[in-house]
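User: I am new to this structure. Please take me through a few of its local features, its pockets and its helix packing.

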Amino acid sequence: MNDPTAILGLDVGGAHLKAALLDSDGVALWATQVPCQLWRGMDHLYRALDEVYARITVHDVYHVMTMTGELADIFSDRQDGVLQLSNAVANRSPSKNVSIYAGMKGFVTAERADEYISDIASANWLASAEFVAAQHHEVLLIDIGSTTTDISVIHQGKPFPLGFTDAERLRTHELVYTGIVRTPVMAVANRISFGGKQQGVAAELFATMSDVYRLTGELDLQHDMAATADGGGKTVVESARRLARMVGHDVQDAPIAEWQELAGSF
């Protein structure tokens, strides 16, 4: 293959499609994140891909991809998800040069994805770890996303994971299902400090961590893409109303400052 003029990196998640375009020297030209509610159907991925591809104005773009979207419950299992996502990107892409990251096995073509299912599935954390390891020999990498947090040890310039699969990494605490946006608040704590006392937390999907980070002022609007727990708005008051329900209150029971304090506790 001739040297490409650009490289498009895609990370196909269950809630977002992330993309970055690099020039032939590996310098990032732009990066974007597009909402992609994959659990609602493959059409959401097709639309997200088309939105990304519409931004590309150069020729000879080499495509590489990682994924976690194979976990979406529209797929019967991981193998089904890996194959469908691999084929979707390969068939939708304007480029004929598409490679899939297969962890320690390197990059493979979409046609060979069925030979590397376990290596491809949810391997984006290892891609990040390998990239960081090329620049930092001794470091703890903590990658916090909208849904999960990945924790990777880099030692002597190499990733040293205790587990590789989701099951193994959940067991070793290298994969933690806590994120900035989509995590239900009830998954973070079942008791919390409120009004100077320990308060029970409702085991209901009344609020998500996006409500918490809106109230603390730490969630950038451009990253606040997920729907709210009640389908309502994303103002400070609406976020406080949802968070108040988590501790058995209505928003009018306390001033906004107290709901912001509660958010800080979470």
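User: What distance separates the side chains of D119 and K105 in their polar contact?

Analyst: This is a predicted model. D119 sits in helix α3, residues 117-120. A polar contact needs N or O atoms within 3.5 Å. The side chains of D119 and K105 form one, at 3.4 Å.

User: Which residues does D119 contact, leaving aside its neighbours within four places in sequence?

Analyst: Contact here means heavy atoms within 4.5 Å. K105, the polar partner of D119, is on the list. With neighbours within four places set aside, the contacts of D119 are Y101, A102, G103 and K105.

User: What is the volume of the largest pocket, and which residues are closest to its centre?

Analyst: The largest pocket has a volume of about 1,600 Å³. Its lining has 49 residues. Closest to the centre are D11, K18, T66, N124 and S128.

User: Which element supplies the largest share of the lining of the largest pocket?

Analyst: Several elements give at least two residues each, including strands β1 (6-12), β2 (16-23) and β3 (28-35). Helices α4 (124-133) and α5 (166-171) do so too. The largest share is six residues, and it comes from α4.

User: How many residues of the lining of the largest pocket are charged?

Analyst: Sort the lining by class. The nonpolar residues number 23 and the polar ones 18. The charged residues number eight.

User: Which residues lie closest to the centre of the second largest pocket?

Analyst: The second largest pocket has a volume of about 320 Å³. Its 16 lining residues divide into ten nonpolar, four polar and two charged. Closest to the centre are Q37, W39, R182, A226 and A227.

User: Is the crossing of α1 and α2 left-handed or right-handed?

Analyst: Helix α1 covers residues 42-53 and helix α2 covers residues 78-92. Their axes come within 11 Å and cross at roughly 35 degrees. The contact includes L45 and L49 of α1 with L85 and V89 of α2. By class it has eight nonpolar, one polar and two charged residues, and the crossing is right-handed.

User: At what angle do α7 and α8 pack?

Analyst: Helix α7 spans residues 236-246, and helix α8 spans residues 256-265. Their crossing is left-handed. The axes are 10 Å apart, and the angle is about 65 degrees.

User: How many charged residues are in the contact of α7 with α8?

Analyst: From α7 come V236, V237, A240, L243 and A244. From α8 come I256, W259, Q260, L262 and A263. By class, nine residues are nonpolar and one is polar. The number of charged residues in this contact is zero: there are no charged residues.

Key: Residues are numbered from 1 along each chain as its sequence is written. This is a predicted model: local features need pLDDT of at least 70, side-chain atom pairs count only at pLDDT 80 or more; totals for chains, interfaces and linings use all residues. Side-chain values use heavy atoms; hydrogens and water are left out. Helices (H or I, at least four residues) and strands (E, at least two) are DSSP runs, numbered from the N terminus. A polar contact is a pair of N or O atoms within 3.5 Å; within protein, one must be able to donate a hydrogen and the other to accept it, and residues adjacent in sequence count only if both atoms are side-chain atoms. On a 1 Å grid over the protein atoms alone, a cavity is a set of points where a 1.4 Å probe fits but cannot get out, and a pocket is an open set with protein on both sides within 12 Å along at least five of seven lines; lining residues have an atom within 4 Å of a point. Grid points are joined across faces, edges and corners, and a volume is the space filled by probe spheres set on the points. Ala, Val, Leu, Ile, Met, Phe, Trp, Tyr, Cys and Pro count as nonpolar, Asp, Glu, Lys and Arg as charged, and the others, Gly among them, as polar. Axes are lines fitted to C-alpha atoms, for helices over the stretch in contact, and angles run from 0 to 180 degrees between N-to-C directions. A crossing is left-handed if the near helix is turned anticlockwise from the far one by less than a right angle, and right-handed if clockwise.
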